[in-house]
Each structure stands twice: as C-alpha cells, then as structure tokens.
Amino acid sequence: MLNHTKQYINGEWVNSTGTDTIEVINPATEEVVGKISSGTEEDVNRAVQAAKEAFPAFSKMSVNDRIKLLEAIAEEYEKRKDDLVNIMTAELGAPITKSEEIHYKMGLSHFKQAAEQLKTFKFTEEREKSYIQKEPIGVAGLITPWNFPTNQISTKLASALAAGCTMVVKPASQTPFAAVILAEILDKAGVPKGVFNLVNGSGSTVGEAISSHPDVDIVSFTGSGEVGSGLMKNAAEGIKNISLELGGKSPFVILKDADVKEAAKTALAQIAMNTGQVCSAATRMIVPAEMHDKFIEAMKELVPEFPVGDPQDKNTFMGPQVSKDQWETVQSYIKKGEKEGAKIVIGGPGRPDGIDKGFFSQITVFTNVKNDMTIAQEEIFGPVMSVITYKDLDEAIDIANDTIYGLAGYVFGNDKEELKKVALSIRAGQIRINNSETDRSAPFGGFKHSGIGREWGDYGIEEFLEPKAIMGMPL
C-alpha cells in the first residue's frame, strides 16, 4: 500500500500542517491503494509563498534554459514509464495497455511539444509605433482532474513552465499518485526550488484556497462546470486570470455516404475509451434516419471487440469507473434514459455479466432519443451513447449545436464538401474529421459552457502570459 502523506513545497517533501488523510481506492478491486494527506489552507499558503518568492528569478530564465529544462523533464519522465503506467492502472482503473498507449504518452507529449514551441515562440513584437513584450503572469494555481492523471497536469505544467510562471498544483484526490511521481520527475530534472509545488487534498479545502488566494495570479482548472463556476467566482473576487476546461456533450455527425461498420466501430471506441470518462467524448451519435437500423446492427456485432474487465489483462479495452460515486451517477443516467422513453439496444444498468466486484459499467447504447432528453443534454461521463436520427444535413447541424456545451465535435464520411460544411458549422473548440490524428500543437478548449481559454501548443503558453505594450521604446 502506498502512503504518501507529505506535500512537495519549495523543493522538499514536507509534513502537512494537518493530520487528516484520504484513502485512494483501486476501482477495479475496491481495495485501498494507499493514502495521501488531506492538505490544509496553511499548506496552500506555504506553497504559494514559495512560488511567489521563486517567481522573480524563474521568470527571467532564458528561453534556451527553459527549453533545456522541459527536455530534461521529458527525459526523466521516460525513465519513470513503468511507474506511471502501473499507478494509473491502479488508481484510475485504466487498462494496462491504455495506461501505456494513451495516458503515459499524452503526458510525455506535452513536455516535448512545449519545448518545441519555445524554439519559435515570439515573446516580443515590434510594431510601427509600439513594442510589445509578453511576460509571465506570475503564480499559477493548477487544479487538475482524475480522468487523465498525466495528460491534464502535464499540459498545464508544460505551458506554465514554458511561459516562465511558478505554480501550485492540486491533483484530484482520486488519482494523486501519478502527480506525486511527476513531482519526483520535476525534482530530478532540476526544476528550481519553489517553481513547482504540489498540495494534495480535497477540492473544497485545497482548491478553494488556491483559487481565492490573493497571491495566485491565474487559476487553470479542468473539471465539472459546477466546480468551475465556483472557482470563477473566487477568481473574480481577486480580479485574477482564469482558464477553464469544463464538460462536453460532443456530437458525432455521420454522413449518408459513410461506411456504416467503420462509423459504428469509431463510435464505440469513442464511448469505451477511458470508460467514457472523457470530456470531449462523442456521446451523441447523429445518424441519417435511413442508416439507423444498419448502424445499430453494426454496433451490436462490434461490441465484443471492446471487452470490459480486469485492467491488468492486456486484452481488456475498458476498465471500471473511477469510483463508486461515479458508477452510481452513470447508473442513474441509464435509468433516467429509460424513464424518459429512450430504448436500450446495447448494455443497460448494472455490471457486465460475470463481474461482481469493482465499479464496472456496461457499454450502453440508447436509441429513440430526442435531443431534449436528459441523456442527450447532460454530461454522463460514462460509456453511454445516445443515437439521434436526422433527415438532412442542416437538421444534423442544428442537432449538433443544440447543447450548452461546445468542447469538441466529430464528423464521419466521404463527401469533402459535406465534411467541411459540418466541421465549420459545429460550434465547438476542436473538430475531428474521420479518424484524423491528434495534433498537440493545435489549441484545445471549448465554446459556451465548455470553458474559457485554450491548452496545448503555443495557445497553451499564451494563457500564462500578459502582453505589455511600450510606446516610444528606443530601438
């Protein structure tokens, strides 16, 4: 069992000022993985003070030195591959192959991408009558979610370090040990004391203390809209910058000329990946009415290709929900969908057959769904899909945009003009056409209730910078 009840503050592992701890549960076995300290407001105060004192020197570190630092972090990160893969499988329940192929690699990619972006990033600009300099904002409060323990913390860390900011990080209490390993990686890579600080604990204590602290200059948060709204209010009190990556209810528009089987396979992968615990997951399948029956039959045929089970088994595609609370939330939505008149054609409530322990859900597909139903409007964060039919492309686009969210959108088909039309018409921050490759240099973030600001690449670095305009600069 892992017991890590210290906080990383000013380059050292120190005792928390409190004595309470939080147990971390393996969602596949329901057994305790370990425990962490339930951090206090005083822990946050110490961490912020360390970051504040480290900022003047670190903000002036040369770009070349920051590139070398990010490269050193990436190098140390690769040395800890096995540790990261194993802990994400234990605390998140991610299948061992997905921990390696997705979680581990995503985290690594952000440090490498940030280093690459810095090689061409322009921190100064000369205009006809002014000189513009982009300067690091200051102390960053980074509050990260449980669903991608390395990806979300790494993209924020890499961007903040690239910009020259110092930081205090609070990882999710369900998946804290990946962040502990990252702290060890940054320490080994030579990140100066006070630049990076880690405080474990609850969102209600540690997260609140970070977002309302007068010496935190920017809050970057990924998580639910409800929590994001509260953090935004705290930030508003202090007139501080805020970046929010929140929920989604992403549409997947399938064109009439699409290969039905390929569309069905891509759709299933969307909701099964990470057990549907993905803010950008395509959970609303918008399908031509005449394709509906073939699409459902294709999915029924393909479901066995996405086996649910033991995360340690290399053949498993989908593991458990992260916690009992999340499992119960998913189950309540499945029951609500039935109650509102949608029809379950795949899966349903309860655990999959043959599994009697762990927070496992079934891949569940609803048909006869109207876009105003709860399951089509609210983020479920589980392997639950709503299939909605359309008559023509304009109706499909209307359905796609009929949501308070706008994080991502997907379109699948062959007609180039129709693909372009849908991609340009969906009001969301990132659109993927067919099975296109992810570009880590492209901005990631949302429209509407899906958030404020962007992550990844140069857009991510920009979030941690303030532009200063100087008129009359001697050049």
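Hi everyone. Let me begin with a term we'll need: a residue is called buried when its relative accessible area is under 20%, exposed when that area is over 50%, and partly exposed in between. Please also keep in mind that what we have here is a predicted model.

Let's start with the whole chain. There are 15 helices and 23 strands in it. The radius of gyration is 23 Å, close to the 23 Å that the globule rule gives for 475 residues, so the chain is as compact as a globular protein of that length. If you draw a box along the principal axes, the C-alpha atoms fill roughly 65 × 60 × 40 Å. Of the 475 residues, 59% are buried. And if you take contacts with a separation of 6 or more, 74% of them link residues 24 or more positions apart.

What does the UniProt record say about the chain? An unreviewed entry there places "domain: Aldehyde dehydrogenase" at residues 13-470. In our model, that span is 41% helix and 21% strand, and its end C-alpha atoms are 42 Å apart.

Now let's turn to a sheet. Strands of a sheet pair through backbone hydrogen bonds, in either a parallel or an antiparallel way. Here is one to find on the screen: an open sheet of 3 strands, ordered β6-β7-β23, with antiparallel pairing. Which strands sit at its edges? Those are β6, residues 124-126, and β23, residues 465-471, each of them pairing on one side only. From one strand to the next, the twist averages 15 degrees. Looking at one pairing in detail, β6 and β7, the latter covering residues 130-136, run antiparallel to each other over 3 bridges. If you'd like a place to put your cursor, go to E126, whose bridge partner in β7 is Y131.

Next, the charged side chains. How many salt bridges does the structure hold? The total is 22, and I've picked a few to walk through.

The first stop is helix α10, residues 292-302, where K300 and E297 lie 3 residues apart, about one turn of the helix. Their side chains meet in a salt bridge at 3.7 Å, N to O. Buried or exposed, where does K300 fall? Its relative accessible area is 39%, so K300 counts as partly exposed. E297, at 48%, is partly exposed too.

Now move to helix α2, residues 63-79. K79 and E76 form a salt bridge there, with their closest N and O atoms 3.2 Å apart. These two are 3 residues apart in the helix, which means about one helical turn separates them. K79 is exposed, with a relative accessible area of 55%, whereas E76, at 13%, counts as buried.

My last pair is K156 and E455, whose side chains meet in a salt bridge at 2.6 Å, N to O. Why does this pair deserve a look along the sequence? K156 lies in helix α5, residues 151-163, while E455 is in the loop between β22 and α15, so the salt bridge ties together parts that are 299 residues apart in sequence. Both K156 and E455 are buried.

To recap the tour: we saw the open sheet β6-β7-β23, two salt bridges within helices, one in α10 and one in α2, and the buried pair K156 and E455. Thanks for listening, and feel free to rotate the model while we chat.

Definitions and conventions:
Residues numbered from 1 in each chain as written. Predicted model: local features only at pLDDT ≥ 70, side-chain atom pairs only at ≥ 80, totals over all residues. Heavy atoms only, no water. Pairing = 2+ DSSP bridges. Helix = DSSP H or I, 4+ residues; strand = E, 2+ residues; numbered from the N terminus. Axes fitted to C-alpha atoms, helices over the stretch in contact; angles between N-to-C directions. Salt bridge = Lys/Arg side-chain N within 4 Å of Asp/Glu carboxyl O. Buried < 20%, exposed > 50% of the residue type's maximum accessible area, 1.4 Å probe, protein only. UniProt positions renumbered as here; feature names shortened; annotations may be inferred. Rg over C-alpha atoms; globule rule 2.2 N^0.38 Å. Contact = heavy atoms within 4.5 Å.
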